[in-house]
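Hi,

Here's the structure I said I'd pass on. Have a look at it first, and then read my notes underneath.

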Amino acid sequence: MKKITNESHIELGGKILELPTSKGKDGFFIPILSKIDDQLSAMLSHHCKVLVIRLDLRLSDQSNDNQVMAEFMRRYKKRITRKYRLDRVGYVWCREQNIANQHHYHLALMVDGNKARQGKPFTDIAKEYWDNLDMGSAWVPSRSYSMLKRADHKAYQQLFERLSYLAKVYSKSPNQRSASANDYEGSRLKS
């Protein structure tokens, strides 16, 4: 069982980061919060600016595993790496299901902000690939992308707080997936 926090802040990577009030007041999964901070920090160690893009991927039918997400990420990363000549792509995704019959994914993508300055091309490519898999629909939330600069601690805090939504306990029931299917995954970039 993953550890959960209901605190108003958490210490990760030597930083004290504030957390919003969680949906349903169920708290946040600490390993997911840690993965978000770890990958943001790793990207910032390599790049002075990081473009972070958020999108949601909804499925038409229920799936007990995450094969569709694995296939999507493989194809998507390959395409954007070539198109933008990226050296690395950071990401964190989570799997959720609340009252709908099928689950959905929340994705936070992180790329070199010196090579990519706008989020729309990335969300357009994601929509294209998700549609090509014919599995459901892609949805882009408002304020879907942010440019994060290495030394801007206030912006880091705001972005971390926004991305903490991926770590919420609410709607991550293990009963809605096979025991071998993770409810989150992320890149493994190192600082």
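Which residues does Phe160 touch, not counting residues up to four places away in sequence? On that count, Phe160 touches Ile10, Leu12, Leu17, Glu18, Leu19, Leu33, Ile36 and Asp37. One thing to keep in mind as you read: this is a predicted model.

Phe160 is a good way into the largest nonpolar core, which has 30 residues. Phe160 is among those with the most contacts inside that core, along with Leu33, Ile36 and Leu40. Two or more residues each come from strand S2 (9-12), strand S4 (28-29), helix H1 (30-46), strand S5 (49-59), strand S6, strand S7 (104-112) and helix H4 (153-163). H1 gives the largest share of this core, 7 residues. Apart from this core lies another one, of 28 residues, and its members include Leu57, Val68, Ala116 and Trp130.

Since H1 gives so much to the core, here's a bit more on that helix. H1 has 17 residues and reaches 25 Å from its first C-alpha to its last, close to the 24 Å expected at 1.5 Å a residue. Its buried residues are Ile32, Leu33, Lys35, Ile36, Asp37, Gln39, Leu40, Ala42, Met43 and Leu44.

Gln39 also leads us to Ser187: a polar contact of 2.6 Å joins the side chains of these two residues. You'll find Ser187 in the segment after strand S10 (184-186). Is Ser187 buried or exposed? It is buried, because its relative accessible area is 5% and buried means under 20%. Leaving out residues up to four places away in sequence, Ser187 touches Lys35, Gln39, Val89, Gly90 and Tyr91.

Then there's Glu96, in strand S6 (residues 90-96). With a relative accessible area of 3%, Glu96 is buried too. Its side chain makes a polar contact with the side chain of His106, at 2.9 Å.

His106 turns up again in the largest pocket, where it is one of the lining residues closest to the centre. The others named as closest are Arg54, Asp56, Trp139 and Tyr165, out of 14 residues that line this pocket. The pocket has a volume of about 290 Å³. S5 and S7 each supply at least two residues of its lining, and S5 gives the most, with 4 residues.

If you'd like to follow one path through the model, try going from Phe160 to Leu33, which it touches, and then along H1 to Gln39 and its polar contact with Ser187.

Cheers

Key:
Residues numbered from 1 in each chain as written. Predicted model: local features only at pLDDT ≥ 70, side-chain atom pairs only at ≥ 80, totals over all residues. Heavy atoms only, no water. Buried < 20%, exposed > 50% of the residue type's maximum accessible area, 1.4 Å probe, protein only. Polar contact = N/O pair within 3.5 Å; in protein donor to acceptor, adjacent residues only side chain to side chain. Contact = heavy atoms within 4.5 Å. Core = buried A, V, L, I, M, F, W, Y, C linked by side-chain atoms within 4.5 Å. Expected span 1.5 Å × (residues − 1). 1 Å grid on protein atoms, 1.4 Å probe; cavity = no way out; pocket = protein on both sides within 12 Å on 5 of 7 lines; lining within 4 Å. Points joined across faces, edges and corners; volume = space filled by probe spheres on them.
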